[in-house]
Amino acid sequence: MKSSPLTQLDAADGFVEIQLGEAMLVGRSRIERRLSDLRGSFHDDAAYEAALQRGDPLIYAVSSVEPASGEGQMHYGLGVLYPGKIGREYYLTKGHYHARRSAAEVYVGLQGEGQMLLEDEASGASRMVPLHKHAVVYVPGFTAHRTVNTGGEPLVYLGIYPADAGHDYGSIASKNFRMVILERDGAPAMEERFNNA
Ligand SMILES: [Fe+2]
């Protein structure tokens, strides 16, 4: 039989189950990010340092499936973001651009209550989009994206993206997002970062 993309595909990459309770993909390892890994991500430095004095909790974890690389291929990852706040700001992921800026991504919410913070690179235009069970969010290219858990249970979601998208964390690390998502009167609200000292 001739070799084909289908027969070359590792069976373990062609079928994967989600263990929702564990927020894992069966048989996959997770990359974990703790509070100490998120220095500079939250707007309230004093609240961040005070929280770190009390402990270094797991904030989020991602397990990825990368079956093949190259043009036309797809990768995906299961993310779990735990609930909590630093000051008034909800627990968040670092956020990133794609190294290949034109690459888009689809997020599918599986559990929990959250928001995605999106920011257009050229204009800085920002948008807060709900992410929860059964929600599907389209992140266009040239857009920084971050996930925020605004609820009381782990927020679990899939992100599906072109295999050659790549991740650029450095641009966010150096200037962060223009907007923050804070609790205001018991609900999530998007505000300018520098109005929230
Ligand atoms: Fe992404």
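Which residues does Pro83 touch, not counting residues up to four places away in sequence? Select Pro83 and find out. You should pick up Tyr91, Asn149, Gly151, Gly152, Glu153 and Pro154. Keep in mind as you click around that this is a predicted model.

**Stop 1: Pro83**

Pro83 sits in the loop between β5 (74–81) and β6 (85–86). With 31% relative accessibility, Pro83 counts as partly exposed. Before moving on, draw a distance from its C-alpha to that of Thr143: the two residues are 60 apart along the chain, and the separation in space is 25 Å.

**Stop 2: Thr143**

Now jump to the far end of that distance line. Thr143 belongs to strand β12. Is Thr143 buried or exposed? Its relative accessible area is 9%, and the cut-off for buried is under 20%, so Thr143 is buried. Show the side chain and look for a polar atom 2.9 Å from the backbone oxygen of Gly141. Then expand the selection: leaving out residues up to four places away in sequence, Thr143 touches His96, Tyr97, Leu118 and Glu119. Hold on to His96, which takes you to the next stop.

**Stop 3: the iron ion**

Select the iron ion and show what coordinates it. The donors are NE2 of His96, NE2 of His98, OE of Glu105 and NE2 of His145, at 2.0 to 2.3 Å. If you check the angles among the four donor atoms, they run from 83 to 164 degrees, and the site is irregular. Along the sequence, the donor residues follow the spacing H-x1-H-x6-E-x39-H. His98 lies in the loop between β7 (89–90) and β8 (105–111) while His145 is in strand β12, so this pair ties together parts that are 47 residues apart in sequence. Colour by accessibility here: His98 is buried at 4% relative accessible area, and His145 is buried at 2%.

**Stop 4: the strands**

Switch to cartoon and start from Glu105, one of the iron donors. The bridge partner of Glu105 in β11 is Val139. Strands β8 and β11 pair in the antiparallel sense over four bridges. Strand β8 also pairs with β13, again in the antiparallel sense, over five bridges. To see one of the facing positions, select Gly109, which stands opposite Tyr157 in β13.

Next, go to Leu118, one of the residues that Thr143 touches. In β10, the bridge partner of Leu118 is Arg127. How many bridges join β9 to β10? Count seven, with the strands running antiparallel. The two form a hairpin with five residues between them, and Gly124 in the turn has a positive phi of about 80 degrees.

**Stop 5: two unusual phi values**

While you have torsions in mind, select His134, in the loop between β10 and β11. Phi of His134 is near 75 degrees, a positive value in a residue other than glycine. His134 counts as exposed, at 68% relative accessibility.

Then select Ala23, in the loop between β1 (18–19) and β2 (24–25). Ala23 is not a glycine either, yet its phi is positive, at about 55 degrees. Ala23 is buried, with a relative accessible area of 5%.

**Stop 6: the cores**

Finish inside. The largest nonpolar core has 30 residues, and Phe42 and Ile86 have the most contacts within it. Elements giving two or more residues to this core include α3 (45–54), β4 (58–65), β9 (113–120), β12 (143–149) and β14 (179–184). Apart from it lies another core, of nine residues; to find it, select Val16, Leu25, Val156 and Leu158, which are among its members.

Back in the largest core, centre on Phe42. Setting aside neighbours within four places in sequence, Phe42 is in contact with Leu35, Tyr48, Ile86, Glu89, Tyr90, Tyr91, Leu92 and Arg193. Tyr91 may look familiar, as Pro83 touches it as well.

For a last selection, take Ala46 in helix α3. Ala46 is exposed, with a relative accessible area of 57%. Draw one more C-alpha to C-alpha distance, from Ala46 to Ile86: the two are 40 residues apart in sequence and 9.4 Å apart in space.

Methods: Residues are numbered from 1 along each chain as its sequence is written. This is a predicted model: local features need pLDDT of at least 70, side-chain atom pairs count only at pLDDT 80 or more; totals for chains, interfaces and linings use all residues. Side-chain values use heavy atoms; hydrogens and water are left out. A nonpolar core is a set of buried Ala, Val, Leu, Ile, Met, Phe, Trp, Tyr and Cys residues joined through side-chain atoms within 4.5 Å. Buried means under 20% relative accessible area, exposed over 50%, partly exposed in between (1.4 Å probe, protein chains only). Contact means heavy atoms within 4.5 Å. Donors are N, O and S atoms within 2.8 Å of the metal (3.2 Å for Na, K and Ca); water is not among the atoms, so sites may look incomplete. Four donors count as tetrahedral if all angles lie between 85 and 135 degrees; four count as square planar and six as octahedral if opposite donors are over 155 degrees apart and all others between 65 and 115; anything else is irregular. A polar contact is a pair of N or O atoms within 3.5 Å; within protein, one must be able to donate a hydrogen and the other to accept it, and residues adjacent in sequence count only if both atoms are side-chain atoms. Two strands pair if DSSP finds at least two bridges between them.
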